[in-house]
Amino acid sequence: MAITMTSAAQQHVRKHLEHRAKGVGVRLGVRTTGCSGLSYVLEFVDDALAGDEVFEFDEVKLVIDPKSLLYLDGTELDYVKEGLNEGFEFRNPNVKDECGCGESFHV
Amino acid sequence: MVLLQISEPGQSPQPHQRKHAVGIDLGTTNSLVALVRSGMPETLADQEGHHLMPSIVHYTDEGASAVGYEAAEFNISDPLNTISSAKRLLGRGVSDVMKLGDQLPYEFQGEEAGMPKIKTASGLVSPIQVSAEILRNLVTRAEASLDAMLDGAVITVPAYFDEAQRQATKDAATLAGIKVLRLLSEPTAAAIAYGLDEAKEGVIAIYDLGGGTFDISVLRLSRGVFEVLATGGDSALGGDDFDYAIAQWLCAEIGMGDSLNPMEQRILLETAKAAKEELTESDEVQLEVLDWKGALSREIMDTLIEDLVAKTVRACRRALRDAGVNVGEIDNVVLVGGSTRTPLVRKQVANYFEVEPMCSLDPDCVVAMGAAVQADVLVGNKSGDEMLLLDVIPLSLGIETMGGLIEKIIHRNTTIPVAKAQEFTTYIDGQTAMAIHVLQGERELVDDCRSLARFELRGIPPMVAGAAKIRVTYQVDADGLLNVTARELTSNVESRIEVKPSYGLAEDEITQMLQDSFSYAREDMQARALREQQVEADRMIEDLEAAINKDAEALLSDEEIQCLKIGIEELQQLRIDTLEHRVLARQIEALGKLSESFAARRMDASIKNALAGQSLDDIERS
């Protein structure tokens with residue numbers, strides 16, 4: 001099981017971590033909520049928890065708990081600009097259906 | 001597909017629950033919008049990549065047709081319909097604006113309780129409407145950038161903005177359909193952008209040199225509250241003056257006369273501006289203007305702008321003196337405004353304040369970034385222990401009392417939001433109404449302060465003078481806006497007013513009012529004392545006359561009555577003639593002595609009346 005991140009995503013995560021001046025990486029996760037069942041979690045990580053899987057890309061760490069990894073296996077984290085809007089995007093091959101805005105999904 | 005931002009641990013928002021708030025720096029020349037993304041404040045660019053948006057709106061007969069750079073293109077072809085610097089007019093009265101008239105090319109029309117309006121092709125336009133167009137444009141930019149609706153905004157205002165100017169700014173936001181989370185003073189925003197609010201204590205100077213204005217503010221941070229100790233500056237000094245000085249030098253070097261056509265002037269100014277910007281990085285710049293070729297070194301530029309920079313340093317010195325702070329007490333200096341990129345400015349500021357100024361953030365963006373950080377906290381995207389910044393009111397708020405005096409209810413530099421109440425009473429028997437006059441300023445007499453509002457409390461039940469209890473409450477909300485309530489406590493009749501004055505004060509007027517309050521301190525004290533004695537004299541005359549009318553015939557001889565009447569007349573005359581409160585006080589005392597025996601006899605008589613027909617036992621028992 002694995003996940004990946006694009007170089008644009010790496011660059012932005014690194015920039016935000018430097019600005020925050022603490023934290024070991026970024027946590028990717030999934031939780032049950034929202035209009036379509038599941039939603040993504042994207043947070044800074046101060047301490048990795050026991051059982052967390054850590055994926056490292058050029059010294060940038062992505063931290064995922066084992067349960068979330070089931071839903072995120074094969075996901076690519078990207079950073080995209082759409083017109084004036086910009087931010088992180090989860091490219092998750094497991095998603096079967098998502099709500100109109102894409103904030104929640106189910107597998 | 002929604003694009004995500006990184007949250008703090010444990011604070012990932014629920015889907016569709018994300019709150020979006022921006023910070024807006026509504027500037028005189030340029031405006032900016034910023035927001036916090038993944039914990040980092042950043043200013044937002046438009047489609048063309050411009051972060052700054054000129055604060056300019058162009059009007060045609062169909063309304064506001066263009067804002068920002070697009071509007072700026074009409075500056076020369078259609079100056080009367082291209083409105084810039086509207087911020088200078090916000091919250092001002094017609095008479096204030098007339099004073100600015102020479103600088104602004106527009107045609108004004110005053111009406112509606114003093115609000116000035118500008119004549120344009122689309123009819124009369126108020127400065128509030130112009131500002132609203134600018135705000136609306138920035139909000140549209142932010143919403144495109146977030147791909148979501150905004151939940152609110154923090155808008156910055158100069159520290160010296162008074163109630164009217166703040167209210168006008170808020171009105172502009174309302175007109176633009178923006179929920180204002182907070183108005184924040186610009187220097188405070190700059191300090192937040194550098195995270196200076198995280199320290200517990202400190203004195204900070206904010207040196208803000210823009211294109212056309214210079215502001216210096218001295219702030220004291222104590223227990224998480226920024227207090228504005230002093231503000232100063234020059235509303236007609238900025239980077240444009242640097243350009244002008246360099247252009248003059250060019251003109252002399254090239255050997256051009258004084259009579260340049262507008263085209264030549266523009267070319268020279270543009271070359272000067274480009275040279276100035278290049279000399280920020282390099283020591284020398286090669287120039288080609290018209291047929292002339294030459295070089296300008298940073299050293300020469302420094303001599304050209306030396307006097308201008310020295311002028312700002314003098315203003316800093318004055319501000320420190322007003323603040324009562326020594327240079328050594330300044331912990332940090334923050335640079336704001338594009339013109340602080342000039343190396344000589346940085347050098348002189350560092351020399352004067354004896355600290356290395358903070359300039360790691362883009363000086364054009366600092367204020368908007370600080371506002372964005374504050375907006376993010378206010379909208380609830382940060383955990384609860386994040387400090388909420390408080391502001392202070394710039395001038396004391398008071399109420400008119402008898403004799404044209406001011407009783408201060410909320411003192412200047414009180415942190416807001418705040419509510420304070422004071423009890424007043426009636427002055428005359430059977431008084432059923434009371435006029436409440438709300439004032440702002442530091443002086444002792446009503447005439448020397450600024451009138452904000454007047455209203456009346458009616459329906460007070462008739463009582464003897466002094467029996468009614470009227471509680472007047474002054475409440476200032478987090479944006480510095482004032483609500484006044486008056487309530488008679490026995491009957492609960494109430495009257496209230498939201499202070500929304502129709503015109504504002506200029507920065508230098510506020511400074512003037514503050515300075516006057518110091519330089520006239522002695523006169524004010526004398527004046528207050530005199531008014532107090534005058535009120536006392538009036539009261540004594542009134543009481544004594546009433547007593548004479550009632551009891552004199554029964555208790556006094558004709559001679560005694562005559563004597564008292566002369567005493568009253570003398571006091572009346574002196575009340576009009578003298579400016580010496582001590583003289584008046586002596587006369588009041590004299591009349592008091594003169595009427596002492598009369599008062600004693602009245603007392604005896606009323607006791608006798610009360611006891612008449614009762615046995616001693618009854619009295620002892622009761």
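Ala21(A) sits in the loop between H1 and strand E2 (25-32) of chain A. In this predicted model, Ala21(A) has a positive phi of about 65°, although this residue is not a glycine. Ala21(A) is exposed, because just 6 other C-beta atoms lie within 10 Å and a count of 12 or fewer qualifies.

A second loop in chain A holds a similar case. Glu59(A) lies between strand E4 (53-57) and strand E5 (60-64) of chain A. The phi of Glu59(A) is positive, near 70°, and the residue is not a glycine. Glu59(A) is exposed too, with 9 other C-beta atoms within 10 Å.

Chain B adds an exposed loop residue of its own. Lys200(B) is in the loop between helix H5 (186-193) and strand E13 (201-209) of chain B. The three loop residues are set out below.

| Residue | Loop between | C-beta neighbours within 10 Å |
|---|---|---|
| Ala21(A) | H1 and E2 of chain A | 6 |
| Glu59(A) | E4 and E5 of chain A | 9 |
| Lys200(B) | H5 and E13 of chain B | 10 |

**Around H5 of chain B**

Is H5(B) buried or exposed? Of its 8 residues, 8 are buried, so the helix is largely enclosed by the rest of the structure. Those buried residues include Glu186(B), Pro187(B) and Thr188(B). Ile192(B) and Ala193(B) are also among them. After H5(B) comes Gly195(B), with a positive phi near 70°. Lys200(B), by contrast, counts as exposed, with 10 C-beta neighbours inside 10 Å. Lys200(B) and Leu221(B) are 21 residues apart along the chain, and their C-alpha atoms are separated by 6.9 Å.

**Chain B as a whole**

Chain B has 622 residues, and 42% of them are buried. Its secondary structure comes to 16 helices and 28 strands. Take the contacts in chain B between residues at least 6 apart in sequence: 68% of them join residues at least 24 apart.

**The nonpolar core**

In soluble globular proteins, nonpolar side chains tend to be buried together. The largest nonpolar core here has 116 residues. Which of its residues touch the most other members? They are Val22(B), Ala34(B), Leu135(B) and Ala153(B). Helix H10 (residues 366-378) of chain B gives this core its largest share, 10 residues.

Ala34(B) shows the local contacts. Leaving aside neighbours within four places in sequence, Ala34(B) is in contact with Val22(B) and Gly23(B). Its contacts also include Pro41(B), Glu42(B), Thr43(B) and Leu44(B). Others are Cys365(B), Ala368(B), Met369(B), Ala371(B) and Ala372(B).

**A helix pair**

The axes of helix H12 (residues 521-555) and helix H14 (residues 581-594) of chain B come within 9 Å and cross at roughly 25°. H12(B) is therefore roughly parallel to H14(B), since angles under 35 degrees count that way. The crossing is left-handed. From H12(B), the contact residues include Gln526(B), Ala529(B), Leu530(B) and Met540(B). H14(B) meets them with His581(B), Leu584(B), Ala585(B), Ile588(B) and Leu591(B). By class, this contact has 8 nonpolar, 4 polar and 1 charged residues.

**Where the chains meet**

The contact takes 28 residues from chain A and 23 residues from chain B. On the chain A side, helix H1 (7-20), strand E3 (38-45), strand E6 (76-82) and strand E7 (85-91) each give two or more residues. E3(A) supplies the largest share, 7 residues. The chain A side divides into 11 nonpolar, 10 polar and 7 charged residues.

Key:
Residues are numbered from 1 along each chain as its sequence is written. Chains are lettered from A and ligands numbered from 1 in the order in which they are written. This is a predicted model: local features need pLDDT of at least 70, side-chain atom pairs count only at pLDDT 80 or more; totals for chains, interfaces and linings use all residues. Two residues are in contact if their C-beta atoms, placed from the backbone, lie within 7 Å. Helices (H or I, at least four residues) and strands (E, at least two) are DSSP runs, numbered from the N terminus. Ala, Val, Leu, Ile, Met, Phe, Trp, Tyr, Cys and Pro count as nonpolar, Asp, Glu, Lys and Arg as charged, and the others, Gly among them, as polar. A nonpolar core is a set of buried Ala, Val, Leu, Ile, Met, Phe, Trp, Tyr and Cys residues joined through C-beta atoms within 7 Å. A residue is buried if 20 or more other C-beta atoms lie within 10 Å of its own, exposed if 12 or fewer, and partly exposed in between; C-beta atoms are placed from the backbone. Axes are lines fitted to C-alpha atoms, for helices over the stretch in contact, and angles run from 0 to 180 degrees between N-to-C directions. Angles under 35 degrees count as roughly parallel, over 145 as roughly antiparallel, 65 to 115 as roughly perpendicular and the rest as oblique. A crossing is left-handed if the near helix is turned anticlockwise from the far one by less than a right angle, and right-handed if clockwise.
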